[in-house]
Amino acid sequence: DIVKIEVVFFAGRPFEAKKLVARSTSRLLKEGTLNKSASEIAEQIDFYGGTISMPVNLDTTNITFYSLRKHLDELLPLLGEIICAPSFPQEEIDAFVANSQQRLKIDLSKNDIVAYRNITENIFGKQHPYGYNSQPTLYEQLDRTDLIGHHQKNMVAGNTILFLSGKIDDQVLKKVDRYLGDIPQGAKRKKTIFPELPANVSKEHLDHSDTVQTAIRVGRRLFNRAHPDFHGMYILNTILGGYFGSRLMENIREEKGYTYNIYSSMDTMMFDGYFYIGTEVSNELTQKTTKEIYHEMKVLQNDLISEKELLMVRNYLLGSLLTMLDGPLNIISVVKETVSEEMPEDHFETLVKTIQQISPTELRDLAQKYFRKEDFWELTVGK
């Protein structure tokens with residue numbers, strides 16, 4: 001008897017007029033409305049056993065809502081009020097700014113977070129929505145009028161998709177229409193113009209001399225899920241560093257003992273994406289580890305993967321996809337990803353077929369295309 005509603009507004013970083021406004025607006029939505037304080041909102045949600053959360057996303061502002069069917073009449077009006085009539089109280093904004101600055105201060109003492117922030121900044125540039133980083137001064141420059149303006153412009157019905165899952169019937173749909181039907185229509189989002197990306201890759205070291213480990217990030221710009229090479233790279237990434245039995249784990253963790261954890265990742269957004277490898281090692285092992293990272297990419301460029309290893313990766317990925325389809329609340333996440341990123345309806349099916357059919361030669365071709373050392377930014381943070 002559970003109902004899950006995900007409200008997706010195209011109101012993330014690519015659509016903000018000022019840095020950090022999208023994230024701040026999202027975080028402060030349920031901190032007060034025209035009729036209720038933050039504590040009253042929290043109390044009502046808790047009393048009826050529901051949840052309303054705002055997951056962080058670069059491209060969209062998301063609201064995830066859970067409720068028992070029998071409590072929809074009590075909680076759906078509250079959800080509608082949070083969406084349509086947030087008040088953005090100044091005292092809540094001040095608390096958010098102070099807390100964010102304090103959290104940022106703690107984060108900037110951690111090598112791995114500093115490395116992640118800087119590798120994305122290097123790949124996309126400091127002015128790009130996917131590249132800029134939060135700074136204390138950016139929080140200080142936030143104004144209540146910025147949040148109100150962002151909300152009124154972007155969090156409108158013409159810029160929104162609703163995803164419903166759980167025990168849905170006509171009665172539930174009528175209640176959703178009744179309580180969420182007052183979202184202003186507004187205008188559909190305009191095409192985003194992005195700044196130019198940095199032209200030349202580089203190597204950079206940031207000194208954190210008081211730490212015993214160095215964080216390593218090696219990365220490059222890639223593409224979003226709509227790119228024709230996405231599915232193949234999804235598999236190649238898994239082979240290199242995307243699961244516990246990956247090449248990087250076997251070499252750098254199991255054989256060499258340089259690190260406890262090393263991984264590679266493809267991060268995709270609506271309009272772009274990037275690939276990176278990350279790990280933390282003792283300061284004296286930085287150069288050796290970096291050398292081994294490039295060695296493993298070179299091996300994938302030169303040698304065909306064995307059928308035995310490829311079969312293991314196929315089975316791992318197909319098993320992972322099965323867990324993504326376990327029940328309606330998980331299935332809707334796959335649907336949401338496909339619809340909100342405007343991908344073909346058969347995107348998931350195509351991924352499955354690619355996992356089942358891709359050949360060692362195709363994987364080697366992708367490695368030769370995307371694992372060229374000269375295309376990678378290199379960043380280390382430590383001694």
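Over the ring of which residue does the charged end of Lys373 sit? In this predicted model, the ring in question is that of Tyr294, with the charged end of Lys373 placed 4.7 Å from its centre. A second arrangement of this kind involves Arg253, which lies over the face of Tyr260 at 4.9 Å from the ring centre.

Contacts between oppositely charged side chains were examined next, and the count comes to 19 salt bridges. One of these joins Arg220 and Asp375, whose side chains meet at 3.5 Å, N to O. Arg220 lies in strand β6 (residues 213-221), whereas Asp375 belongs to the loop between α15 (360-370) and β9 (377-382), so the pair ties together parts that are 155 residues apart in sequence. Both partners, Arg220 and Asp375, are buried. The contact does not stand in isolation, for Arg220 and Asp375 are linked with Arg372 and Glu374 in a network of salt bridges.

A further salt bridge is formed by Glu309 and Arg247, with the closest N and O atoms 2.8 Å apart. Here the connection is between two helices, Glu309 being placed in α12 (residues 307-324) and Arg247 in α10 (residues 247-255), so that parts 62 residues apart in sequence are tied together. Glu309 has a relative accessible area of 16% and is therefore buried, and Arg247, with a value of 15%, is likewise classed as buried. In the salt bridge between Glu6 and Lys4, the closest N and O atoms are 3.5 Å apart. Glu6 counts as buried because its relative accessibility is 4%, and Lys4 counts as buried at 5%.

Turning to the aromatic side chains, a search of the whole structure finds 15 aromatic pairs. Among them, Phe124 and Tyr130 pair edge-to-face, with a centre-to-centre distance of 5.9 Å and an angle of 75° between the planes; both Phe124 and Tyr130 are buried. The pair formed by Phe223 and Tyr370 is also edge-to-face, with 5.4 Å from centre to centre and 75° between the planes. Since Phe223 lies in the loop between β6 and α9 (230-242) and Tyr370 in helix α15, this pair ties together parts that are 147 residues apart in sequence. Phe223 counts as buried at 7% relative accessibility, and Tyr370 is buried with a relative accessible area of 7%. Phe124 and Tyr130, for their part, are members of one aromatic cluster that also contains Phe15, Tyr116, Phe194, Tyr263, Phe271, Tyr274 and Tyr276.

Terms used:
Residues numbered from 1 in each chain as written. Predicted model: local features only at pLDDT ≥ 70, side-chain atom pairs only at ≥ 80, totals over all residues. Heavy atoms only, no water. Salt bridge = Lys/Arg side-chain N within 4 Å of Asp/Glu carboxyl O. Buried < 20%, exposed > 50% of the residue type's maximum accessible area, 1.4 Å probe, protein only. Helix = DSSP H or I, 4+ residues; strand = E, 2+ residues; numbered from the N terminus. Phe/Tyr/Trp six-rings, centres within 6.5 Å; stacked < 30°, edge-to-face > 60°. Lys NZ or Arg CZ within 6 Å of the ring centre and 35° of its normal.
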